[in-house]
Amino acid sequence: MQKTLTYHYQNLHQIPELDNQLPKTQEYILSHLPNCEITIIENGGILAYYHKNQETTIALRCEMDALPILEQTNLSYQSTNTNCMHACAHDAHMAILLTLAQNVSFIQTTSNILFIFEYAEETYGGAKYIIQHPKYQEYNIHSIYGLHIWPKLPKKIITSEYLMATSCEVIITIHGTSSHIADIDNQMDANEIASQFLQQASLQQKHFIIRFGIIKGGNAPNIISNQTIIHGSIRALTIEHLEFAKKYLWQLSTLYMMRHSNIIEMNFTEGYPPLINTLELIPTNIDIQSLSYFTTESFGYYLQNKKGLYVLLGTAQDIPLHSPQFIVPLDILSIGYQYFLQHITAEVAR
Ligand SMILES: [Zn+2]
Ligand SMILES: [Zn+2]
């Protein structure tokens, strides 16, 4: 089993591809899924269904895409696709599911198994298309499981209820009035108003954060800016906290418009839903911690209308995900395999 896990992992590591443009990865996956009913969902991913003549189905999900990074690991099996690297361990997640799929006929279970290989987790989230597809809805899915390799955590499986955030981008346009910078009577300086606004709008709370990554305004050093744009993100552990953060920004903009008699426009764009786990699905041998991250995960889409559980598999390493030096330790692949196996076989007792 370890041999198969390593074999798939190293092969997939060498052929990283981006977004939903995954011809080599898709070909590799499809060539190793015997006896599964295959559905390819446009923009979504691959569904591989193994029918065990049971009523309910357990779904296991992994991601297929890599990142636009030039690998710097010196591994013998490093990326053969320049400027593209599996630096988020999606190769390892795929290897675990592929190995399970190859062994599925020998596994004792009272459920059918659906393997989900998702496109574009790093960009738009193939999950959004998968959950809307009639074929996905046709399977009687009892619960869905996912896992992410996570450096900087001890070498074991760890999870929590509110594990990852929902996200939303906010673009705020502040209008001022242009004039010579020497015109001290002009108080409609969009840059100045924006910098005050940004300081008050940036918040870091326990359940949500508001931060801005972009500020753009003005055209010349001696002209007062008549338009400044600040572009940021909200991350929140629940939808309620996201709405609270949005309301805070609306109230702040109203206050600024009254104070400066200028105009502020605000636009929000939606990101991934929050990743909130179903507590009853957490096996007793797994550590529940009060752990929450303001990162996002498209797995949240599956949890909008199904029970499910997403866990982190620690690797006790210092090099973070998305680093050109990131390496998956080979010995943790079997921990991930055993974790999924536990869920498939636990259904026998249910
Ligand atoms: Zn990632
Ligand atoms: Zn990832």
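1. Let me start with S202. Leaving aside residues up to four places away in sequence, S202 touches I210, R211 and F212. The F212 contact brings together two residues 10 apart along the chain, with 7.2 Å between their C-alpha atoms. This is a predicted model, by the way, so please read everything here in that light.

2. Where does S202 sit? You'll find S202 in the loop between α6 (190-201) and β9 (203-204). As for burial, S202 counts as partly exposed because it has 13 C-beta neighbours inside 10 Å; the exposed class stops at 12 or fewer, and buried begins at 20 or more.

3. On to the domains. The chain splits into domain 1, made of 2-162 plus 275-349, and domain 2, covering 166-270. Their centres, taken over C-alpha atoms, are 38 Å apart. Five residues from domain 1 and six residues from domain 2 make up the contact. On the domain 1 side, the residues touching domain 2 are two nonpolar and three polar, with no charged residues.

4. Next, the sheet. It is open, has eight strands with mixed pairing, and reads β1-β2-β4-β3-β5-β15-β6-β14 in order. Which strands stand at the edges? Those are β1 (37-41) and β14 (287-288); each has a single partner strand, so one side of each is left without a neighbour in the sheet.

5. At the β1 end, the pairing is antiparallel: β1 and β2 (residues 45-50) share five bridges. If you want a register check there, look at I41, whose bridge partner in β2 is G45.

6. I'd spend some time on β5. Is β5 mostly covered or mostly open? Mostly covered, with nine of its 10 residues buried. On one pairing, β5 runs parallel to β3 and the two are joined by five bridges, including the one between T57 and I141 of β5. On another, β5 runs parallel to β15 (residues 307-314), this time with eight bridges. There, G146 has Y310 of β15 as its bridge partner.

7. Last, a helix to look at alongside those strands. Helix α3 (residues 90-103) lies across β2, β3 (57-63), β4 (112-118) and β5 (141-150). Relative to β3, helix α3 runs at about 145 degrees. So when you view the sheet, α3 and the mostly covered β5 can be checked together, as β5 is one of the strands that α3 lies across.

Conventions
Residues are numbered from 1 along each chain as its sequence is written. Chains are lettered from A and ligands numbered from 1 in the order in which they are written. This is a predicted model: local features need pLDDT of at least 70, side-chain atom pairs count only at pLDDT 80 or more; totals for chains, interfaces and linings use all residues. Two strands pair if DSSP finds at least two bridges between them. Helices (H or I, at least four residues) and strands (E, at least two) are DSSP runs, numbered from the N terminus. Two residues are in contact if their C-beta atoms, placed from the backbone, lie within 7 Å. Axes are lines fitted to C-alpha atoms, for helices over the stretch in contact, and angles run from 0 to 180 degrees between N-to-C directions. Domain bounds come from an automatic or database domain assignment. Ala, Val, Leu, Ile, Met, Phe, Trp, Tyr, Cys and Pro count as nonpolar, Asp, Glu, Lys and Arg as charged, and the others, Gly among them, as polar.
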